[in-house]
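I opened this one to see how its parts sit against each other. My notes follow in the order I looked things up.

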Amino acid sequence: MSPAKSTADKREAIFCATLKLLSNYGFHGFSIKQLAEEAGVATGTIYLYFKDRDELIRELNTHIIDDFIKATLEGHDQQQPLKQQYRRMCCNLWRFCIENPCITHSKAQFDHLPPDILRSQRSHAWDGLQPLKDLFEKGRATQQIKNLSDDILISLSFEPYLFLARQHLIDVIKVDNDALTNIIDASWDAIACSPSQNDDTDGQDNQE
């Protein structure tokens, strides 16, 4: 194994262990020693990669944002009608949340980071979500989407999926394919200038 690969593997192990502990105990519910044991590395190794706990959490959040962006934009086709582009992104986001429960359960923890860090990381997320910005811009220009800022539109449309996914994972609510189709329609209606109409592609992506 090359040194570079070993370094990448150790960083990933530390990230995975941090996520697991965060989802179970919160930011301050575990020690660096516990983290090292969970990651299978020496305590000193963690400080080789991260100056302190705060830097680790910041870099982990950036790592999660990058994974979230990659998953959300998978299979994106800007030639499709706007609602179908939107549906694909929503299905991708839902799948990512369900397949990565530690990330979903830890989301609320990251919301308590200092405001300047949250603003910086939100800006970083938007840099990677240009196709979504383009969708919103085209929607506003063609009067398919309400004339609201990108930040408000994403808060109304995409961010609720993280909350709903967590509720699903802890068995508070049950979201099957039919329910997901209805949720996507409802979230589209929240930002659309006119209510959605049934179309032939409803539910297709949900079944993938």
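How many residue pairs are in polar contact between domain 1 and domain 2? I got three, with both residues of each pair at pLDDT 80 or more. That cut-off matters here, as I'm working from a predicted model.

Next I looked for salt bridges between domain 1 and domain 2, and the count came back as zero. I then sorted the domain 1 side that touches domain 2 by class: four nonpolar residues, two polar and two charged. So charged residues do sit on that side, but no salt bridge links the two domains.

**Layout**

I went back to get my bearings. Domain 1 covers 1-50 and domain 2 covers 61-190. I found 11 helices in the protein chain and zero strands. Reading along the sequence, I just wrote down α-α-α-α-α-α-α-α-α-α-α. For overall extent, the C-alpha atoms fill a box of roughly 55 × 35 × 35 Å along the principal axes.

**Where the domains meet**

I took the C-alpha centres of domain 1 and domain 2 and got 28 Å between them. At the contact itself, I have eight residues of domain 1 against nine residues of domain 2. Together the two domains bury about 730 Å², and 76% of that is on carbon and sulfur atoms. Which three residues supply the most of domain 1's buried area? I noted Leu19, Ser23 and Phe27, which give 64% of what domain 1 buries against domain 2, more than any other three residues.

**Aromatic pairs**

Phe27 made me check rings. A search of the whole structure gave me five aromatic pairs. One of them is Phe27 with Phe110: the ring centres are 6.0 Å apart and the planes are at 85 degrees, so I logged the pair as edge-to-face. Phe27 lies in the loop between helix H1 (3-25) and helix H2 (32-39), while Phe110 belongs to helix H6 (residues 101-110), so this pair ties together parts 83 residues apart in sequence.

**Salt bridges elsewhere**

Zero between the domains made me search the whole structure, and that turned up 10 salt bridges. I picked out Arg11 and Glu59, whose side chains meet at 2.8 Å, N to O. Arg11 is in helix H1 and Glu59 is in helix H4 (residues 53-72), so the bridge ties together parts 48 residues apart in sequence.

Terms used
Residues are numbered from 1 along each chain as its sequence is written. This is a predicted model: local features need pLDDT of at least 70, side-chain atom pairs count only at pLDDT 80 or more; totals for chains, interfaces and linings use all residues. Side-chain values use heavy atoms; hydrogens and water are left out. Domain bounds come from an automatic or database domain assignment. Contact means heavy atoms within 4.5 Å. Buried area is the accessible area (1.4 Å probe) that two parts lose on being put together, summed over both. A salt bridge is a side-chain nitrogen of Lys or Arg within 4 Å of a carboxyl oxygen of Asp or Glu. A polar contact is a pair of N or O atoms within 3.5 Å; within protein, one must be able to donate a hydrogen and the other to accept it, and residues adjacent in sequence count only if both atoms are side-chain atoms. Ala, Val, Leu, Ile, Met, Phe, Trp, Tyr, Cys and Pro count as nonpolar, Asp, Glu, Lys and Arg as charged, and the others, Gly among them, as polar. Rings of Phe, Tyr and Trp (its six-membered ring) pair if their centres lie within 6.5 Å; planes under 30 degrees apart count as stacked, over 60 as edge-to-face and the rest as tilted. Helices (H or I, at least four residues) and strands (E, at least two) are DSSP runs, numbered from the N terminus.
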